[in-house]
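Got the viewer open? Let's take a short walk, one selection at a time.

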Amino acid sequence: MNAIEIRGLRRDFPLPNGERGALRTALDGINLTVGEGEVHALLGPNGAGKTTLCKILATVLVPSAGTARILGRDVVTRLATVRPLIGCVFGGDRGLYGRLSARRNLHYWGALYGVPGHELRARAAELLDRFGLTAHADERVETFSRGMKQRLHLARGLMHAPRVLLLDEPTTGMDPVSARDFRTLIGELRREGRSILLTTHDMAEAETVCDRATLIDDGRILHTATPRELGALLSRHERIEATDVPAQLLAQMGTRSGVTSVNTGPDGITLIEVTDQDALTPVLRLLVDAGVTNLATTRPGLEEVYLQLIGDRGMDVAS
Ligand SMILES: Nc1ncnc2c1ncn2[C@@H]1O[C@H](COP(=O)(O)OP(=O)(O)OP(=O)(O)O)[C@@H](O)[C@H]1O
């Protein structure tokens, strides 16, 4: 059974200042499957429809058409059975009570999600520890930094140990160390068998943590594939990065069949593109025979694919 199964999903909103009956289509016939135990990244520019999709899966918004199922249960018709299966982290200030302590917030949400009374304390303490919040556990949440609130959001989403996690930009506002810890956490959650749908603007994050990624733009899916397959979409070429390549060899390299380009940047790194795997091995051998040991083969990463397919609208490319 799939963790998430979406068929022909559509969501229209009335245009805020539009004519009566005028609609904006936020999701336009989405089909998407997330397997059990899969970490799936949803990538797209501002306004692409990511949050709308997460909200429908979280049962807080109904679709205009189409269906969405969580572990086989329809999110509209079987709402009560879906809710205990999902943990949602939407960030921002919603969902946390500023005047309560972090611990009391977790007790409150755990109780709401049906965690038995005798387990609440232990579960909250474990999660506070896991997210580095134990030292502040009894302080009011309104005194927390944005990053601390974001970590508390994650803890809240895990209180009832949901099988499916919906994370909408979970690392926004986190410092780099917390963001790195977050990636480790995703790995742990995957090993526990949980399935995760994660929206992010951070390509490096998506590339490191996800099994597959879906690129979404203007309410439509452009591609779903592993980061490596997406890289291959852009280029059938293999690339070699090498440093300290002798000038004579560089000249020789440029005339070899199967080599499409040779460029050395100001940092001294030479990028050699070859047509396919067959052309790769002899070029690598030439480099090694010439004493070049600092070598790596690469394919375009998610960020390059994203920029090529979608452009830099709403994209955090600096990270
Ligand atoms: N309640 C609403 N009423 C009207 N239009 C809405 C509503 N919610 C979303 N939209 C519109 O639907 C489209 C998709 O919005 P959504 O928030 O899902 O995008 P997103 O991909 O999450 O963007 P971001 O990366 O900025 O969070 C946008 O054009 C948005 O303006």
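Start with strands S7 (residues 164–168) and S8 (residues 195–199): they pair in the parallel sense, over five bridges. Keep in mind as you click around that this is a predicted model. Now pick Leu167, whose bridge partner in S8 is Leu198.

Next, bring up helix H1, residues 50–57. H1 packs on the sheet and touches strand S3 (39–43), S7, S8 and strand S9 (212–217). Its direction makes about 150 degrees with that of S7. Then add H5, which also packs on the sheet, touching S6 and S7; the direction of H5 makes about 170 degrees with that of S6.

Time to colour the whole sheet. It is an open one of six strands, in the order S6-S7-S8-S3-S9-S10, and the pairing is mixed. Which strands sit at the edges? Select S6 (86–89) and S10 (220–225): each of them pairs on one side only. From one strand to the next, the twist averages 15 degrees.

Now hide the strands and show H3 (residues 102–112) with H5 (residues 146–158). Their axes are 9 Å apart and the packing angle is about 30 degrees, so H3 runs roughly parallel to H5. The crossing of H3 past H5 is right-handed. For side chains, show Ala102, Asn105, Leu106 and Trp109 in H3, which meet Leu152, Ala155 and Arg156 in H5. By class, that contact has five nonpolar residues, one polar and one charged.

Last stop: zoom out and colour by domain. The domain assignment gives domain 1 as 4–227 and domain 2 as 236–298. Taken over C-alpha atoms, the centres of domain 1 and domain 2 are separated by 43 Å.

Technical notes
Residues numbered from 1 in each chain as written. Predicted model: local features only at pLDDT ≥ 70, side-chain atom pairs only at ≥ 80, totals over all residues. Domains from an automatic or database assignment. Axes fitted to C-alpha atoms, helices over the stretch in contact; angles between N-to-C directions. Helix = DSSP H or I, 4+ residues; strand = E, 2+ residues; numbered from the N terminus. Parallel < 35°, antiparallel > 145°, perpendicular 65-115°, else oblique. Left-handed = near helix turned anticlockwise from the far one by under 90°. Contact = placed C-beta atoms within 7 Å. Nonpolar A, V, L, I, M, F, W, Y, C, P; charged D, E, K, R; others polar. Pairing = 2+ DSSP bridges.
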